[in-house]
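Biologist: I'd like a close look at one part of this protein, and then how that part sits in the rest of the chain. Could you show me the model before I ask?

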Amino acid sequence: MKKIVLSVLVLFFASYVYCADVSQIIRVGVITDTPSVNVGGSASFSIIDNSGKRYNLSQGMTKLAYSGGQMLLGKNKLALPIRVESAKGLVYAGKTAYRGYILISKTANNKVNVVNILRFEDYLKGVVPKESSAKWPLETLKAQAVISRTYAIANMGKHRAQGFDLCDGTHCQVFGGASAEVPIGNEAVVETAGEVLTYKDRYAQTVFHANCGGHTESPKYVWGWTDIPEYLEGVRCKYCSDAPYSAWETALDESFIRQKLSKTADIGEIQSISPSGQTPGGSAIDVIIKHSKGETIMNAYKFRLTIDAWRIKSNTFKGIKKQNDKFFFVGNGWGHKVGLCQWGARGMGLDGKNYAQILSYYYPKTKIEKVSYK
Ligand SMILES: [Zn+2]
Ligand SMILES: [Zn+2]
């Protein structure tokens, strides 16, 4: 389930103009600000420092430690940046195997960053199984590959100031290196090679979430966007009804809720919490909190994030009741519900729909276009 949870997190996009020529290489920050790193190879490998000194090592791991302004390999002093490469196999940084090579460079605060430099299409092979599930249909994974490619290209250079393009966490999108690859994920990347989603000559903002509970949501009600692209206005979805947390309920202590809310508002003992207003997707717009110090109205999505986004899976409430010292929340769907519904994309794949149909269902009026690599 961890993989799905990761995708619940919001990916923020800038709306960049579509460009046919894209760099075929990507630099991914995989370990940042570390004083030492274990590197290695699945076959014989080499460590080459900035002065051109080369150390050839046999398969296995070795430690590089940065101390007193010096990078040390045993007793040897190495000049940064350092390249770790293997002509015959994969390279390792920590416990993860990577394609391409590893570059280690100094950071501003006297530590090092470990960056995996590899072919952009190979990078996606380490993303698709982390952002989706290898147990899902190929067409669903192909839709994910197009989404992840679009996101990465539109956000290339987000970490330029740190000397790499994207990080490997949920801040950008999760990348697990060659260690994360699975055959069906690789197939999804290869079969959609170079394909991205566009809308009016710009990269589409390919936001996604775990499951919508029956209707996807407009970002207007979630993030307060004012200029909503028509492909994100929200669609009915009948494909995710068997998703985990398609319907959910949770019980939270009144004191727990009060303590969380008191970080943003002056809240007394809570008597009731009521959903207020309804989005076209069926979610609450606000919640009204009646308490001993008065009444507080809060955006329902913000309320969910403030209390516990893990326990309260969405702000599509079917009921909120108080019993003794507990509040019982009943709702459906999981995540912010904007863009593609991942469990719905799985359902469409199982239903025999292809990836182009899946993408045009959740992002209507977008186009699949092909970039070329320079
Ligand atoms: Zn990042
Ligand atoms: Zn759905």
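How many bridges join strand 15 to strand 25, and do they run parallel or antiparallel? Start there and work outwards, please.

Modeller: Happy to, with one caution up front: this is a predicted model. Strand 15 covers residues 195-199, and 4 bridges join it to strand 25, the two running antiparallel. If you want a pair to click on, Val-196 stands opposite Glu-369 in strand 25.

Those two strands belong to an open sheet of 3 strands, ordered 16-15-25, with antiparallel pairing. Strand 16 (202-203) and strand 25 (367-370) are the edge strands; each has a single partner strand, so one side of each is left without a neighbour in the sheet. If you're wondering what holds such neighbours together, strands of a sheet pair through backbone hydrogen bonds.

Now look at what lies over this little group. Helix 4 lies across strand 15, strand 16 and strand 25, and it runs at about 70 degrees to strand 15. Follow helix 4, residues 138-154, and you come to another partner: helix 9, residues 342-350. The axes of these two helices are 7 Å apart and cross at an angle of about 135 degrees. That makes helix 4 oblique to helix 9. The residues that meet are Glu-139, Thr-140 and Ala-143 from helix 4, and Ala-345, Arg-346 and Gly-349 from helix 9. Sorted by class, that contact has 2 nonpolar, 2 polar and 2 charged residues.

Zooming out, the domain assignment of the chain gives domain 1 as 1-22 + 119-223 + 337-374, domain 2 as 36-110 and domain 3 as 247-332. The centres of domain 1 and domain 3 are 31 Å apart, taken over C-alpha atoms. Where these two touch, domain 1 puts in 9 residues and domain 3 puts in 10 residues. On the domain 1 side, that's 2 nonpolar, 5 polar and 2 charged residues.

Two loop residues are worth a stop here. Lys-337 is in the loop between strand 23 (326-332) and strand 24 (340-341). Lys-337 has a positive phi of about 75 degrees although it is not a glycine. Is Lys-337 buried or exposed? Buried, because 32 other C-beta atoms lie within 10 Å of Lys-337, and 20 or more is what it takes to count as buried. The other one is Tyr-245, in the loop between helix 6 (219-222) and strand 18 (247-253). Tyr-245 also isn't a glycine, and its phi is positive at about 70 degrees. With 21 other C-beta atoms within 10 Å, Tyr-245 is buried too.

For another sheet to set beside the one you asked about, go to the open sheet of 7 strands, ordered 5-4-9-12-13-2-14, with mixed pairing. Its edges are strand 5 (54-57) and strand 14 (166-167), each with a single partner strand, so one side of each is left without a neighbour in the sheet. Strand 2 (residues 25-34) and strand 13 (residues 112-119) pair in the antiparallel sense over 7 bridges. Thr-34 has Val-112 in strand 13 as its bridge partner.

Strand 9 is a good one to trace by eye. On one side, 3 bridges join strand 4 (residues 45-48) to strand 9, running antiparallel, and there Ser-46 stands opposite Glu-85. Another 3 bridges join strand 9 to strand 12 (residues 101-106), again antiparallel, with Ile-82 partnered by Ile-104 in strand 12. The covered face of strand 9 has Ile-82 and Val-84, while the uncovered one has Arg-83 and Glu-85. In a regular strand the side chains alternate between the two faces of the sheet.

Just before that strand there's a cis peptide bond, from Leu-80 to Pro-81, with omega near -5 degrees. Pro-81 is in the loop between strand 8 (76-78) and strand 9 (82-85).

As for the chain overall, there are 10 helices and 26 strands, and its C-alpha atoms fill a box of roughly 70 × 45 × 35 Å along the principal axes. Of its 374 residues, 45% are buried. Among contacts with a separation of 6 or more, 68% link residues 24 or more positions apart.

Technical notes. Residues are numbered from 1 along each chain as its sequence is written. Chains are lettered from A and ligands numbered from 1 in the order in which they are written. This is a predicted model: local features need pLDDT of at least 70, side-chain atom pairs count only at pLDDT 80 or more; totals for chains, interfaces and linings use all residues. Domain bounds come from an automatic or database domain assignment. Two residues are in contact if their C-beta atoms, placed from the backbone, lie within 7 Å. Ala, Val, Leu, Ile, Met, Phe, Trp, Tyr, Cys and Pro count as nonpolar, Asp, Glu, Lys and Arg as charged, and the others, Gly among them, as polar. Helices (H or I, at least four residues) and strands (E, at least two) are DSSP runs, numbered from the N terminus. A residue is buried if 20 or more other C-beta atoms lie within 10 Å of its own, exposed if 12 or fewer, and partly exposed in between; C-beta atoms are placed from the backbone. Two strands pair if DSSP finds at least two bridges between them. Axes are lines fitted to C-alpha atoms, for helices over the stretch in contact, and angles run from 0 to 180 degrees between N-to-C directions. Angles under 35 degrees count as roughly parallel, over 145 as roughly antiparallel, 65 to 115 as roughly perpendicular and the rest as oblique.
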